Amino acid sequence: MTRSTAREIAIHLVYGMDYTHADIDQTLETLLETGYYSGLGKEFELYQERPNRKQMEYIRTVAGGCAEKREELDEIVARYAIGWSVSRISRLVKAILHVSIFEVLYVDDVPTGVAINEAVRLTRVYEDEEVVAFVNGILGAFARDHHAEHES
């Protein structure tokens, strides 16, 4: 399993936790239950390979961190989603934005460009080009400001 696959699983978990309000431990316990995970693997290629220890650590850090920092991440999205209320953004797109912004802010081994490129790539998998441009615009503006703040 690649980091990209682990990232997509983390996005699915962030998306799911937004509905269920379950914590990361409950969510991962359900996901990794052998029968459940193998059932997902029969339906979705993404779940055909189980994450190894390092990938699980990344998934737990990112999905758990996004749940913990949901309000902060929503505020950042709202700041850059000019003319849009966060409540109008689909839960999946919001999950993609949250994971990307969380990686930029809190995951040291993920370069900003990689976080944004992966978010755009994954948005393209699930959404149309207008939404892809929307996500790219939000993340580009966020990255420019974040970079400028850390250069000063």
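What follows is a look at the salt bridges, the aromatic pairs and one helix of this predicted model.

Salt bridges come first. The tally for the model is 10. One of them joins K94 to D18, with 3.8 Å between the closest N and O atoms. This one reaches across the chain: K94 belongs to helix 6 (residues 91–106) and D18 to helix 1 (residues 3–20), and the two residues are 76 residues apart. Both partners, K94 and D18, are buried.

Another of the salt bridges brings the side chains of D25 and R60 together, at 2.5 Å from N to O. Here too distant parts of the chain are linked, with D25 in helix 2 (residues 24–32), R60 in helix 4 (residues 53–68) and 35 residues apart in sequence. The surroundings of this pair can be read from accessibility: D25 has 44% relative accessibility and so counts as partly exposed, and R60 is likewise partly exposed, at 38%.

Then there is the salt bridge between E129 and R124, whose side chains meet at 2.9 Å, N to O. E129 is partly exposed, with 46% relative accessibility, and R124 falls in that class as well, at 43%. Some salt bridges also share partners, and in this way R7, E103, E118 and R121 are joined into one network.

Turning to the rings, the model holds six aromatic pairs. In one of them, F44 and Y47 have ring centres 6.5 Å apart and planes at 70°, so the pair is edge-to-face. The two rings sit in unlike settings: F44 is partly exposed, with a relative accessible area of 43%, whereas Y47 is buried, at 7%. A second edge-to-face pair is made by Y80 and F142, with 6.1 Å from centre to centre and 75° between the planes. Because Y80 lies in helix 5 (residues 70–80) and F142 in helix 8 (residues 129–151), this pair ties together parts that are 62 residues apart in sequence. Y80 counts as buried, at 14% relative accessibility, and F142 is also buried, at 5%.

F44 and Y47 turn up again in a wider grouping, since together with Y37 they form one aromatic cluster. Y37 has a charged neighbour too: R50 lies over the face of its ring, 5.0 Å from the ring centre. A comparable arrangement involves W84, where R88 lies over the ring face at 4.1 Å from the centre.

Helix 5, the home of Y80, deserves a paragraph to itself. Its buried residues are L73, D74, I76, V77 and Y80. Viewed down the helix axis, the buried residues of helix 5 fall within an arc of 160°, so they line one face of the helix. The face turned away from that buried side carries E71 and E75, which are exposed. As for what the buried side meets, the buried residues of helix 5 pack against helix 4, helix 6 and helix 8. Two of these neighbours have already appeared in the salt bridges, helix 4 through R60 and helix 6 through K94, while helix 8 has appeared through F142, the ring partner of Y80.

Conventions: Residues numbered from 1 in each chain as written. Predicted model: local features only at pLDDT ≥ 70, side-chain atom pairs only at ≥ 80, totals over all residues. Heavy atoms only, no water. Salt bridge = Lys/Arg side-chain N within 4 Å of Asp/Glu carboxyl O. Helix = DSSP H or I, 4+ residues; strand = E, 2+ residues; numbered from the N terminus. Buried < 20%, exposed > 50% of the residue type's maximum accessible area, 1.4 Å probe, protein only. Phe/Tyr/Trp six-rings, centres within 6.5 Å; stacked < 30°, edge-to-face > 60°. Lys NZ or Arg CZ within 6 Å of the ring centre and 35° of its normal. Arc of directions from axis to C-beta. Contact = heavy atoms within 4.5 Å.
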